[in-house]
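Here are my notes on the pockets and cavities of this chain, written so you can follow along on the screen. Have the structure open and click on the residues as they come up.

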Amino acid sequence: MFKIAVLFIVSVFIFSISSRAQKKISLSAYVGSGVSYFRGSGTVSNSVYYRNGIPWPNSKDSIANPFGRKALTNWVSGLQGDITFSSKWELLLRVQFESSGGKLTGDSVISPTITYKTNGTFTRYYHYISFNPEIGRIIFIKIITFTIHTGIDYTSKLDRGGNFVFTDQNNQKNDIGGQGDEPEVNDFRITFGATIQRKKWSIAINYKHGLVNYNTKGAGNVYSRILHFSIHYAFLNKKI
């Protein structure tokens, strides 16, 4: 609740300032992709996968540590509002649907009847709605407009899933996964980025540095690290 309150207060403060000196407002839709991974003392590059031997759909396999340090391709889509209130400063607010997570190597499989080495890929992924207010500094306006921006980001959790692709002791490929679990936390992040804009189109890069520990039941801290590239189209540009 504290993080929600901070986000709300900052957003209200930002937009109250802008309301006294607004010059232009724009709304854009965007899609993008990037990479995400986990960092912290509780993250790993390799882990052991456990099979309980119960046939699907009642099986509930698990992995010793699901928080991978390897980069996972992610994607994002959303809406962005911009208020330019001087020749050098603007305010941004993004509301987006995003995926994030991380990968690791599953190097062993342990079941009730057999244990064997493998070289599989385990993926832990999350789906969130995130809210990202930022303040932007316009560096120059020529043929293109170049802006740098920073802010905070809060996520509202939707669901969590996992997937393990590996070759078993009989040289058969296996693809085991599931979705619908609840994420451990709502993430809270600091964001940094930059945007290049020409007329109604823009390209943005945004880095999100997570501050909330995902590892609520184990030893060691786990934090998200996310990098997004996105392309935007402004369907509203209005001077006010």
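1. Let's begin with strand S11, which gives the most to the lining of the largest cavity: three residues. A cavity here is a set of points on a 1 Å grid over the protein atoms alone where a 1.4 Å probe fits but cannot get out, and lining residues have an atom within 4 Å of a point. Strands (E, at least two residues) and helices (H or I, at least four) are DSSP runs, numbered from the N terminus.

2. A word on what you're looking at: this is a predicted model, in which local features need pLDDT of at least 70, side-chain atom pairs count only at pLDDT 80 or more, and totals for chains, interfaces and linings use all residues. Residues are numbered from 1 along each chain as its sequence is written, and side-chain values use heavy atoms, with hydrogens and water left out.

3. Back to that largest cavity, which holds about 70 Å³ of space; a volume is the space filled by probe spheres set on the grid points, which are joined across faces, edges and corners. Try picking out its lining: Tyr30, Val76, Arg94, Gln96, Asn206, Lys208, His228, Ser230 and His232. Strands S5, S10 (201-210) and S11 are the elements that give two or more of these residues. By class, the lining has two nonpolar, five polar and two charged residues. Ala, Val, Leu, Ile, Met, Phe, Trp, Tyr, Cys and Pro count as nonpolar, Asp, Glu, Lys and Arg as charged, and the others, Gly among them, as polar.

4. How many cavities of 30 Å³ or more are there? The count comes to two. The second largest cavity has about 30 Å³ of space, and its lining includes Tyr37, Phe38, Tyr126 and Arg225. S1, S5 and S11 each supply at least two of its lining residues. This lining divides into five nonpolar, four polar and one charged.

5. Now for the pockets, meaning open sets of grid points with protein on both sides within 12 Å along at least five of seven lines. The largest pocket has a volume of about 990 Å³. Of the 45 residues that line the largest pocket, Tyr49, Lys60, Asp61, Ser62 and Ile63 are the closest to its centre. Strand S8 provides the largest share of this lining, seven residues. The lining is made up of 17 nonpolar, 19 polar and nine charged residues.

6. The second largest pocket has about 380 Å³ of space. Its lining counts 27 residues, and the closest to the centre are Lys24, Thr84, Glu90, Thr145 and Gln197. Which strand gives the most to this lining? That is S1, with four residues. Here the classes come out as seven nonpolar, 14 polar and six charged.

7. Finally, zoom out to the whole chain, which has one helix and 11 strands. The helix comes before the strands in the sequence pattern. Of the 240 residues, 43% count as buried, that is, under 20% relative accessible area with a 1.4 Å probe, protein chains only. Among contacts (heavy atoms within 4.5 Å) with a separation of 6 or more, 71% come from residues 24 or more positions apart.

Methods:
Buried < 20%, exposed > 50% of the residue type's maximum accessible area, 1.4 Å probe, protein only.
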